[in-house]
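The following exercises are intended for a reader who meets this structure for the first time. Each task is followed by a solution in steps.

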Amino acid sequence: MAMSTGGGPSGSDTSGPRPDVNITPLIDVLLVMIIIFMVIKHKDPHRFESKIPEKPKEQQQTPSDTIFPVLTIDRQGVIKWNSQEKTEDQLKRELKEFMEKRPSDLRAAFIKGPRDVQYERVIKLIDIAKGAGAAPIGLQIDNLD
């Protein structure tokens, strides 16, 4: 920065010193900053890749998807699946086919029986349900007459 002090003797000139600002170095700095910003701006990516999640496909649940199988055993050892009498072999086969068609989070099964049914029979029914892929298995004690 420069400043002129005027031309006359001190004290005789009423105008006094006149400031004269040299702006050339300021313009040089400004131009350098503009070039720096242009270089920095050029390196920015022009676009970003983004992954937008797709809308999940809505699966229509049929009534059989929401109904869980209820396996009932009575005092005589008769096994029923949703009130239909089944032999052990029928139950194994049909329950396995039923569970294979269902999603893994809808493979629950319920076993219902009276309090005085033999423990062995209930365990056998649990084994059949587990073998068919049912999980979890709920137990319900009921007084069937």
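A residue counts as buried under 20% relative accessible area, as exposed over 50%, and as partly exposed in between. The model used throughout is a predicted one.

**Exercise 1. State how many helices and strands the protein chain has, and in which order they follow.**

Solution. Step 1: the protein chain contains four helices and five strands. Step 2: along the sequence these elements appear in the pattern α-α-β-β-β-α-β-α-β. Step 3: as to burial, 20% of the 145 residues in the protein chain count as buried.

**Exercise 2. Determine whether L26 is buried or exposed, and describe the surface patch to which L26 belongs.**

Solution. Step 1: locate L26, which is part of helix α1, residues 24–43. Step 2: apply the cut-off. The relative accessibility of L26 is 57%, and exposed means over 50%; therefore L26 is exposed. Step 3: identify the patch. L26 joins V21, I23, I27, L30, L31, I34 and M38 in a nonpolar patch on the surface. Together these residues have about 760 Å² of accessible area.

**Exercise 3. Compare the UniProt annotation of residues 23–40 with the secondary structure of that span in the model.**

Solution. Step 1: consult the record. An unreviewed UniProt entry lists residues 23–40 under "transmembrane region". Step 2: turn to the model, where the span is 94% helix and 0% strand. Step 3: take the end C-alpha atoms of residues 23–40, which lie 26 Å apart.

**Exercise 4. Work out how the side chains of strand β4 are arranged.**

Solution. Step 1: recall the general rule that side chains in a regular strand alternate between the two faces of the sheet. Step 2: apply it to β4, residues 109–113, where the side chains do alternate. Step 3: assign the faces. A109, I111 and G113 point to one face and are buried. F110 and K112 point to the other face and are not buried.

**Exercise 5. Trace the pairing of β4 with strand β1 and with strand β5.**

Solution. Step 1: begin with β1, residues 70–73, which runs parallel to β4 and is joined to β4 by three bridges. V70 has F110 as its bridge partner in β4, and T72 has K112. Step 2: continue with β5, residues 137–141, which pairs with β4 in the parallel sense over five bridges. The partner of K112 in β5 is Q140, while that of F110 is G138. Step 3: follow the chain from β4 to β5. The chain passes through helix α4, residues 119–132, and this β-α-β crossover is right-handed.

**Exercise 6. Describe how β1 and strand β2 are connected and in which sense they run.**

Solution. Step 1: β1 and β2, residues 79–81, run antiparallel and are joined by three bridges. One of the residue pairs is L71 with W81 in β2. Step 2: the two strands form a hairpin with five residues between them. Step 3: in the turn, G77 has a positive phi of about 90°.

**Exercise 7. Examine the backbone and the exposure of N82 and S83.**

Solution. Step 1: place the residues. N82 belongs to the loop between β2 and β3, residues 84–86, and S83 is also found in the loop between β2 and β3. Step 2: inspect phi. N82 is not a glycine, yet its phi is positive, near 50°. S83, likewise no glycine, has a positive phi of about 70°. Step 3: classify the exposure. N82 has a relative accessible area of 40% and is therefore partly exposed. S83 has 68% and is therefore exposed.

**Exercise 8. Find which peptide bond is cis, and state how far A135 lies from D105.**

Solution. Step 1: the cis peptide bond joins A135 and P136, with omega about -5°. Step 2: P136 sits in the loop between α4 and β5. Step 3: D105 is in the loop between α3, residues 88–101, and β4. With a relative accessible area of 63%, D105 is exposed. Step 4: D105 and A135 are 30 residues apart in sequence, and their C-alpha atoms are 8.5 Å apart in space.

Conventions: Residues are numbered from 1 along each chain as its sequence is written. This is a predicted model: local features need pLDDT of at least 70, side-chain atom pairs count only at pLDDT 80 or more; totals for chains, interfaces and linings use all residues. Side-chain values use heavy atoms; hydrogens and water are left out. Patches are made of residues with over 30% relative accessible area and no salt bridge: like charges are joined within 9 Å, nonpolar side chains (Val, Leu, Ile, Met, Phe, Trp, Tyr) within 5 Å. Accessible areas come from the Shrake-Rupley method with a 1.4 Å probe; for residues, only the protein chains shown count as cover. A salt bridge is a side-chain nitrogen of Lys or Arg within 4 Å of a carboxyl oxygen of Asp or Glu. Buried means under 20% relative accessible area, exposed over 50%, partly exposed in between (1.4 Å probe, protein chains only). Two strands pair if DSSP finds at least two bridges between them. A crossover is right-handed if, with the strands pointing away from the viewer, the path from the first strand over the helix to the second runs clockwise. UniProt positions are given in the numbering used here, feature names are shortened, and annotations may be inferred rather than shown by experiment.
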